[in-house]
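Open the model in your viewer and keep the sequence panel in sight. We will go from stop to stop, selecting as we go.

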Amino acid sequence: MWLNQRTLDAIRLMAELSARWPHAVKAADLAEATGITFLNVQKTAHALARAGLTEAERGRYGGLRLARPSHEVKVAEIVRAFEPKDCPANFLMTDEASDPVAKLMFRAHRGFFQPLEETTLAEIEPRLIAQGTRRGDQDAPRIARLRA
């Protein structure tokens, strides 16, 4: 399983917004900090706001900011907002299915998304990862695993 580029861009933008919480960040500053093109930042920012994950404010002191504190936002929420809703196989039904292929796909799907469900934005802030720490500092070894 893999994620599309727009989803990865959204995760990077959200992580950068997390590092700058509670301040609003201009799209140009996000583009520079993340290496994502300005146009793609704008498109992704619009979709993040539509999904209720960010708030956009116009004007001189405006920009984009998280709608909630980073420790309350799971990476899986971002993924769900950007990945297609129509899955070719219904992986989310039940692992009780009698079909061995369905069981295998369910386990694979669950294994892929479990770390995304467990990880908050606070754990993947760019500056904190670079320092090898995170907010609360209680899970520094996990940050090292996330970098690997």
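What follows is a short tour of a predicted model, with something to select at each stop.

**Stop 1: the whole chain**

Start with everything shown as a cartoon. The protein has seven helices and two strands. Trace the chain from its start, and the pattern reads α-α-α-β-β-α-α-α-α. There are 148 residues, and 35% of them count as buried.

Now think about contacts along the chain. Take those with a separation of 6 or more: 61% of them join residues 24 or more positions apart.

Next, colour by pLDDT. The average for the protein is 79, and 76% of the residues score at least 70. Then select residues 132-148. Here pLDDT stays under 50. The model has 27 contacts beyond four places in sequence for this stretch.

**Stop 2: the segment before α1**

Select W2. This residue sits in the segment before α1. Is W2 buried or exposed? W2 is exposed, because its relative accessible area is 73%, and over 50% counts as exposed.

Which residues does W2 touch, not counting those up to four places away in sequence? They are E83 and F112. Add F112 to the selection. W2 and F112 are 110 residues apart in sequence, yet their C-alpha atoms are 8.7 Å apart in space.

**Stop 3: along helix α1**

Move on to α1, residues 5-19. Pick T7, which lies in this helix. T7 has 0% relative accessibility, so it counts as buried. Look for its contacts, leaving aside neighbours within four places in sequence: V79, F82 and E83. You met E83 a moment ago, as a residue that W2 touches.

Now pick D9, also in α1. D9 counts as buried because its relative accessibility is 7%, and the cut-off for buried is under 20%. Beyond four places in sequence, D9 touches I36, N40 and T44. Draw a line from D9 to I36. Their C-alpha atoms are 7.0 Å apart, with their positions 27 residues apart in sequence.

**Stop 4: two loops**

Select W21 and P22. A cis peptide bond joins them, with omega of about 5°. P22 is placed in the loop between α1 and α2.

Go on to the loop between α2 and α3, where you will find G35. G35 is exposed because its relative accessible area reaches 65%. Add R12 to the view. G35 and R12 are 23 residues apart in sequence, and 9.5 Å apart in space from C-alpha to C-alpha.

**Stop 5: the largest nonpolar core**

Show side chains for this stop. In soluble globular proteins, nonpolar side chains tend to be buried together. In this model, the largest nonpolar core has 28 residues. Select M14, L48 and I78, which touch the most other members. At least two residues of this core come from each of α1, α2, α3, β2, α4 and α5. Which element gives the largest share? That is α1, with six residues.

Centre the view on I78. Leaving aside neighbours within four places in sequence, I78 is in contact with A10, I11, M14, L48, L53 and L121. M14 and L48 are also among the residues that touch the most other core members.

**Stop 6: helix α4**

Select A76, in helix α4. A76 counts as buried, because its relative accessibility is 1%. Beyond four places in sequence, A76 is in contact with L116 and E117. Add E118 too. A76 and E118 are 42 residues apart in sequence, and their C-alpha atoms are 8.2 Å apart.

**Stop 7: the second largest pocket**

Finish with a surface view. The second largest pocket has a volume of about 320 Å³, and 14 residues line it. Select A45, A56, E57, G63 and L64, the lining residues nearest its centre.

Which elements each supply at least two residues of the lining? They are α2 (27-34), α3 (38-50), β1 (54-57) and β2 (63-66). The largest share, five residues, comes from α3.

Last, colour the lining by residue type. Eight of the residues are nonpolar, three are polar and three are charged.

Technical notes
Residues numbered from 1 in each chain as written. Predicted model: local features only at pLDDT ≥ 70, side-chain atom pairs only at ≥ 80, totals over all residues. Heavy atoms only, no water. 1 Å grid on protein atoms, 1.4 Å probe; cavity = no way out; pocket = protein on both sides within 12 Å on 5 of 7 lines; lining within 4 Å. Points joined across faces, edges and corners; volume = space filled by probe spheres on them. Helix = DSSP H or I, 4+ residues; strand = E, 2+ residues; numbered from the N terminus. Nonpolar A, V, L, I, M, F, W, Y, C, P; charged D, E, K, R; others polar. Buried < 20%, exposed > 50% of the residue type's maximum accessible area, 1.4 Å probe, protein only. pLDDT = per-residue confidence, 0-100. Contact = heavy atoms within 4.5 Å. Core = buried A, V, L, I, M, F, W, Y, C linked by side-chain atoms within 4.5 Å.
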